[in-house]
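Work through the exercises below with the model open. Try each task before reading its solution.

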Amino acid sequence: MPRVVTLVRVALAVLVLWVLVAAAAWLLQRRLIYFPDRSSPPAAARVLPGARDVTLRTTDGLSLTAWLIEPPLETPGPHLAVLLAPGNAGNRLARAPLAAALAGRGFTVLLVDYRGYGGNPGSPSEDGLARDIEAARTFLVEQAGIPAERLLYYGESLGAAVVAALAAKYPPAGLILRSPFTDLPAAGRQHYPFLPVRLLARDRFPVTEAVARVAAPTLIVYGTADSIVPPQLSLAVAGKAAGPVRVVAVQGADHNDASLLNGAQLIDAIAELAAGAA
């Protein structure tokens, strides 16, 4: 009997501990999702030739800073604009090499920072990021004068979820998803298998649901050694795309490797998508 009592006490202690961990995860989950660098980057022109600081106005009253990078006048290119949505960490300064590579191919690039990132006010959430990216699209169309049919959406990891949702609402000329997951709980289960992630998740970012409503040409780029978003999740997104889809696997690349930031294979694939959309 004492042995049974001991086992019951141990089981109860484990259960209580698990409940406490789950409760902490629910309360603090956005700290486990979003890792902003809140510092303000330098002026755009100090980082990238032809770049300038711009302000995006969200529907809930925030003013967000972003960089608009235009290609040199003599640069041949598709004369398309890329709306660039970053992942969940850092700020736009870390994506400057990607913006430079795209501008070098003749693209106009709007490099966004979400609320709470890069000196911007507010705190990130799924709804907030949706508002931020819609503000970015509105800027390109209404202030920069880019026709809606000349827009490409590019999303990196979490940003892939953000632009997939945007594309379902406002169709682009093409959609580029780098290291996308099927939805956030699926990605979270890879890192917190001991928690009921799907039950706890406030922010879900359902990518496969969104791409199933996007008829635009879609490019999926992923690294075969990705330790953050497993390759099978990116391939599952490709399998759900409603439009013509191309999948590019960058061999041996992990999630944050330079080859997935501004590598030649990535940039070439974007240029080829644009050539078909131009």
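**Exercise 1. Salt bridges**

Task: State how many salt bridges the structure holds, then trace the network that includes Arg 115.

Solution:
- Step 1. The structure holds eight salt bridges, each being a side-chain nitrogen of Lys or Arg within 4 Å of a carboxyl oxygen of Asp or Glu. This is a predicted model: local features need pLDDT of at least 70, side-chain atom pairs count only at pLDDT 80 or more, and totals for chains, interfaces and linings use all residues. Residues are numbered from 1 along each chain as its sequence is written, and side-chain values use heavy atoms, with hydrogens and water left out.
- Step 2. Start with Arg 115 and Asp 60, whose closest N and O atoms are 2.7 Å apart. Arg 115 sits in the loop between β6 (108–112) and α4 (126–143), and Asp 60 in the loop between β2 (51–57) and β3 (63–69), so the bridge ties together parts 55 residues apart in sequence. Helices (H or I, at least four residues) and strands (E, at least two) are DSSP runs, numbered from the N terminus.
- Step 3. Check exposure. Buried means under 20% relative accessible area, exposed over 50%, partly exposed in between (1.4 Å probe, protein chains only). Arg 115 is buried at 6%. Asp 60 is partly exposed at 37%.
- Step 4. Add the other partner. Asp 132 meets Arg 115 in a salt bridge of 2.8 Å, N to O. Asp 132 belongs to helix α4 and Arg 115 to the loop between β6 and α4, so this pair ties together parts 17 residues apart in sequence. Asp 132 is buried, at 0%.
- Step 5. Shared partners join Asp 60, Arg 115 and Asp 132 into one network.

**Exercise 2. A buried pair**

Task: Decide whether Asp 113 and Arg 92 are buried or exposed.

Solution:
- Step 1. Asp 113 and Arg 92 form a salt bridge, with 2.7 Å between the closest N and O atoms. Asp 113 is in the loop between β6 and α4, and Arg 92 in the loop between β5 (89–90) and α3 (96–104), 21 residues apart.
- Step 2. Asp 113 has a relative accessible area of 1% and is buried. Arg 92, at 3%, is buried.

**Exercise 3. The buried side of α3**

Task: Find the buried residues of α3 and what covers them.

Solution:
- Step 1. Ala 96, Leu 98, Ala 99, Leu 102 and Ala 103 are buried in α3.
- Step 2. They span an arc of only 160° around the axis, which puts them on the same side of α3. The arc is that of the directions from the helix axis to the C-beta atoms.
- Step 3. The cover includes α2 (44–47), β3, β4 (81–85), β6, β7 (151–156) and α10 (264–277).
- Step 4. Gly 106 follows α3 and has a positive phi, near 95°.

**Exercise 4. Nonpolar cores**

Task: Which residues of the largest nonpolar core touch the most other members?

Solution:
- Step 1. A nonpolar core is a set of buried Ala, Val, Leu, Ile, Met, Phe, Trp, Tyr and Cys residues joined through side-chain atoms within 4.5 Å.
- Step 2. The largest has 49 residues; Leu 56, Leu 83, Leu 110, Phe 181 and Phe 205 touch the most other members. Helix α5 (residues 158–169) gives the largest share, eight residues.
- Step 3. A second, separate core has 32 residues, including Trp 67, Leu 219, Val 248 and Ala 269.

**Exercise 5. Packing of α4 on α5**

Task: Describe how α4 and α5 cross.

Solution:
- Step 1. Their axes come within 10 Å and cross at roughly 65°. Axes are lines fitted to C-alpha atoms, for helices over the stretch in contact, and angles run from 0 to 180 degrees between N-to-C directions.
- Step 2. Contact means heavy atoms within 4.5 Å. Leu 129, Ile 133, Glu 134 and Arg 137 of α4 meet Leu 158, Val 162, Val 163, Leu 166 and Lys 169 of α5.

**Exercise 6. Positive phi**

Task: Where do Ser 179 and Phe 205 lie?

Solution:
- Step 1. Most residues other than glycine have a negative phi.
- Step 2. Ser 179, not a glycine, has a positive phi of about 55°. Ser 179 lies in the loop between β8 (174–178) and α6 (184–191) and is buried, at 0%.
- Step 3. Phe 205 has a positive phi near 45°. Phe 205 is in the loop between α7 (197–200) and α8 (207–211) and is buried, at 4%.
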